[in-house]
Amino acid sequence: MKKPILLSTPHIGDRELEFVKEAFDTNWIAPVGPHIDAFEEEFCQVTGANYAAALASGTAALHLALQLVGIERGDEVFCSTLTFAASANPIVYLGAKPVFIDSDRTSWNMNPELLQEALEKRARIGKLPKAVIVVHLYGQSADIDPILKACNQYDIPLIEDAAEALGATYKGRSPGTFGRIGIYSFNGNKIITTSGGGMLVSPEEQLVAKARFLATQARDPAPHYQHSEIGYNYRLSNVSAGIGRGQLRVLKERVASRQRNFRSYASTLGILPGIEFMPEANYGCATRWLTCLTIDPKAFGADREQVRLALAAQQIESRPVWKPLHLQPVFAECECFGGAVAENLFTQGLCLPSGSNLTDQDLERVIDEIIAVHYVSRKTEPLLIF
Ligand SMILES: Cc1ncc(COP(=O)(O)O)c(C=O)c1O
């Protein structure tokens, strides 16, 4: 049987085990310890963030972020629709309501003009959202300046979901560091991992201090256990933070490898009719965390699902682009501004294997299979390719 090629797997460097061993040797096997402090500090150095709190997941970070900006039951929060459910689930944890905003075609991220229009419409009826969550998708920053301007105009806090965009840039800076709060994920499939984990960053020291407080069961300063607020057990473990410190040291290499994957795919598959890669906006540099493309079935000869199944038959994992959240049964009642762009990207979009540990042979196998689907489909009318 052929070796499976997966979408995006962990890629451990040389130092992680050393940091983990240090945690064991010093008995800091707890959600507190020197690796956590150092990881936060080093994360700030790498991203340019002012303050950071290491947490158990990106989802936990978003949950706290929403609470920190004051989201309460019944509030509305605007959120990108083309994203993973974890971007919007924490809105519902707080009893608030997501309202979705469509993507633009230039970056696949939240359309700033649509956001502006949506805010104007809502201002006219006196029903502005209490926060906006912009997602930086697949390793590419959204167009932050106009999004931030629109939010500032109405005094609405911007939360950046940069779970997928560590290592990317927007006008030379890290997405995640522009809004009131930014969050990142270190899930096993992300560009760097702590096995599971997340980071909350902010330019405001007291917000990050409050995040740490809430993440450690909201324990008041007292010799006994005293609580005046409801808290969470959301801190990252010191062992995981050790993995994170090792991973931060190879982040640049990981970005370079994923960009190299993209270049291999683009230079070979980009010449096939009907294939278009996720465009890279000129305001920054994308990591190509995942290489994503769209397939126009008429021009290519097979649709996205046929390509996905053909790859799966060869033990190659690929995945449809996110199903927009406004199409998810669980968010069926939620309003959405626009939606057609994200729907089209979902219908035609596919994420290819993109791990930083893929070999040239792995990439060749993926490329050859997609090329084969195209040529076989051309010979057999109608589109019967299996
Ligand atoms: C866009 C986006 N937001 C949030 C998350 C949640 O992060 P985590 O899995 O660390 O909770 C993820 C990934 O898992 C994601 O891709």
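Student: Is Leu-345 buried or exposed in this structure?

Tutor: The structure is a predicted model. Leu-345 belongs to helix α12. Its relative accessible area is 4%. A residue counts as buried when this value is under 20%, so Leu-345 is buried.

Student: Leaving aside neighbours within four places in sequence, with which residues is Leu-345 in contact?

Tutor: Contact requires heavy atoms within 4.5 Å. With its neighbours within four places in sequence left aside, Leu-345 is in contact with Leu-82, Trp-108, Thr-294 and Val-321.

Student: In what order do the four strands of the open sheet stand?

Tutor: The pairing in this sheet is antiparallel. β9 (275–277) and β12 (319–320) each have a single partner strand, so they stand at the edges. The order is β9-β11-β14-β12.

Student: Which residue in β11 stands opposite Ile-275?

Tutor: Strand β9 runs antiparallel to β11 (residues 291–295), and three bridges join the two. Opposite Ile-275, in β11, stands Ile-295.

Student: What angle does the direction of helix α12 make with that of β14?

Tutor: Helix α12 (residues 340–348) packs on the sheet, where it touches β11, β12 and β14. Its direction and that of β14 make an angle of about 55 degrees.

Student: At what angle to β14 does helix α11 run?

Tutor: Helix α11 comprises residues 304–313 and lies across β11, β12 and β14 (349–352). Its angle to β14 is about 25 degrees.

Student: Over which residues does pLDDT stay under 50?

Tutor: The protein averages a pLDDT of 97, and 98% of the residues score at least 70. One stretch, with 11 contacts beyond four places in sequence, stays under 50: residues 380–386.

Conventions: Residues numbered from 1 in each chain as written. Predicted model: local features only at pLDDT ≥ 70, side-chain atom pairs only at ≥ 80, totals over all residues. Heavy atoms only, no water. Pairing = 2+ DSSP bridges. Axes fitted to C-alpha atoms, helices over the stretch in contact; angles between N-to-C directions. pLDDT = per-residue confidence, 0-100. Buried < 20%, exposed > 50% of the residue type's maximum accessible area, 1.4 Å probe, protein only.
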